[in-house]
Amino acid sequence: MRLAGAARRFARPALLLSMLCLAAGNASANPQGKPTSDFPVASEARLESHGEAVRLTLTLSRPVAANAFVMAGPDRVIVDLPSVNFQIPAASARKSAGFVSGFRFGLFTPDRARLILDLAQPAAVAGVSVKPLRGGFGELVIELKRTGREEFAALARAAAAEARLPHVPVEPKAEGDQRRIVVIDPGHGGIDPGAVVASIAEKSVVLAFGQKLKEQLEAQGRYRVIMTRADDSFVPLGDRVRIARSVDAHLFISIHADSLTQAQEVRGATIYTGSERASDAEAARLAAKENQADAVAGLDASEDVQDVAGILMDLAKRETRGFSAMFARNLVEKLGGSVKMHKVPLRSAGFRVLTAPDVPSVLIELGYMSSPKDAELLNSESWRAQAVTAVQAAVDQYFERTQAPGKAAESRR
């Protein structure tokens with residue numbers, strides 16, 4: 001009966017997955033073109049407490065190998081697997097058991113998926129086992145045991161020493177290519193959904209917008225457009241900045257959509273630039289939330305150390321901020337003529353993705369998913385086309401107004 005139930009679950013379409021795939025366009029395929037339908041399917045996850053132990057059992061369409069380890073700050077258990085098509089009900093992940101307060105899951109890189117179990121108390125990985133079931137199905141079991149703080153800290157240090165962050169390869173610029181380079185950064189992705197309202201995830205909304213913007217900019221033939229992510233996978237914050245710097249980008253545009261559960265009447269687009277000190281409390285709140293993306297995905301959220309000498313970095317930042325501010329004003333002007341803007345449309349805060357010292361960078365909050373009206377617009381193709389056209393006009397105007405396009409990037413050569 002249990003096996004038959006699993007088979008029925010694999011056959012049943014997942015409403016949430018379908019909605020996200022529709023919102024994200026071709027996000028259901030990885031960069032190599034492999035569709036998620038080729039991945040093993042995870043249909044059920046059970047979290048159970050047994051005395052001093054907690055067990056997570058994952059039902060799969062076929063067996064997969066897994067590796068589990070602990071991380072501190074916050075305390076959590078990371079389980080890495082090959083790419084998996086998760087069709088686990090969201091309600092399952094919100095359940096707690098013993099010292100595990102909940103878990104989350106998603107695609108981490110194009111070839112790797114990740115489960116993260118949040119710990120209320122220190123714990124160690126007691127075992128990882130994969131058992132084949134009849135019919136070709138598989139069962140993955142993660143056993144955790146309660147442990148002391150010192151032992152947990154030692155295990156976390158050992159795991160951190162061996163950790164390797166995923167890095168996104170970028171094709172180098174072809175010799176003689178004179179196009180302006182624009183990097184589009186759809187926020188969140190993979191295991192980090194961003195804001196989620198009524199089963200619609202921010203990561204899918206902003207990816208769909210980014211893909212449309214890329215298509216429209218490239219159609220002019222004036223720009224080479226690079227996406228920090230082109231599918232539903234996770235990219236560390238530091239890598240997003242490194243991508244822009246590695247290609248000598250002339251412009252970096254990060255795309256997000258906020259949510260305020262206690263203020264559903266707040267709506268409208270907002271443009272942010274980077275700064276050490278936030279322009280207001282709301283900007284500080286948003287930056288703090290967005291800067292936790294790495295921690296949500298199970299990475300060390302410590303700041304990256306830039307490799308530029310202090311005085312040169314300060315000079316580059318000063319010049320770059322001037323260009324960033326110019327582009328931000330262009331965005332407010334062009335978007336304001338097409339879409340609803342927030343009552344304070346131009347703000348600044350310490351966003352980690354806006355820290356490239358030599359690439360003019362802005363972050364666009366398209367609207368508030370917590371606002372019923374904004375949520376409707378964010379998922380509207382006609383609104384998306386209108387907003388993308390406005391952003392494209394701002395990009396065009398920015399390069400027309402700058403006497404030395406890409407000056408900030410060229411100044412470090």
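Q: If two strands pair when DSSP finds at least two bridges between them, how many bridges join β8 to strand β9, and do these strands run parallel or antiparallel?
A: Strands of a sheet pair through backbone hydrogen bonds, in either a parallel or an antiparallel manner. Here β8 (123-132) is joined by nine bridges to β9 (residues 138-146), and the two run antiparallel; V125 has L144 of β9 as its bridge partner. Strands (E, at least two residues) and helices (H or I, at least four) are DSSP runs, numbered from the N terminus. This is a predicted model, in which local features need pLDDT of at least 70 and side-chain atom pairs count only at pLDDT 80 or more, while totals for chains, interfaces and linings use all residues. Residues are numbered from 1 along each chain as its sequence is written, and side-chain values use heavy atoms, with hydrogens and water left out.

Q: Which strands stand at the edges of the sheet that contains β8 and β9?
A: That sheet is open, with five strands in the order β5-β1-β2-β9-β8 and mixed pairing. β5 (85-86) and β8 stand at its edges with a single partner strand each, so one side of each has no neighbour in the sheet.

Q: What is the strand order in the six-strand sheet?
A: The six strands form an open sheet of mixed pairing, ordered β13-β10-β14-β17-β15-β16, with β13 (223-227) and β16 (341-349) as the edge strands that pair on one side only. From one strand to the next the twist averages 20 degrees. Within this sheet β10 (residues 180-186) and β14 (residues 251-258) run parallel and are joined by five bridges, and P186 has I255 of β14 as its bridge partner.

Q: Which strands does α5 touch as it packs on the sheet, and which does α11 lie across?
A: With contact taken as heavy atoms within 4.5 Å, α5 touches β10, β13, β14 and β17 (361-368), its direction making about 160 degrees with that of β13. α11 lies across β10, β13, β14 and β17 and runs at about 150 degrees to β14. Axes are lines fitted to C-alpha atoms, for helices over the stretch in contact, and angles run from 0 to 180 degrees between N-to-C directions.

Q: At what angle do the axes of α5 and α11 cross?
A: The axes of α5 (residues 202-218) and α11 (residues 381-401) come within 9 Å and cross at roughly 50 degrees. That makes α5 oblique to α11, since angles under 35 degrees count as roughly parallel, over 145 as roughly antiparallel, 65 to 115 as roughly perpendicular and the rest as oblique. Residues making the contact include F209 and L213 of α5, and W383 and V391 of α11.

Q: Where are the unusual backbone values, at G73 and P74 and at H188?
A: Most peptide bonds are trans, and most residues other than glycine have a negative phi. G73 and P74 are joined by a cis peptide bond with omega of about 0 degrees, and P74 lies in the loop between β3 (67-71) and β4 (76-82). H188, although not a glycine, has a positive phi of about 60 degrees, and its place is in the loop between β10 and β11 (196-197).

Q: Over which residues does pLDDT stay under 50?
A: Where pLDDT is low, the predicted coordinates should not be read in detail. The mean pLDDT (the predictor's confidence in each residue, from 0 to 100) is 83 for the protein, with 82% of residues at 70 or more. Values stay under 50 over residues 303-309, with ten contacts beyond four places in sequence, and over residues 404-413, with 21 such contacts.

Definitions and conventions. Pairing = 2+ DSSP bridges.
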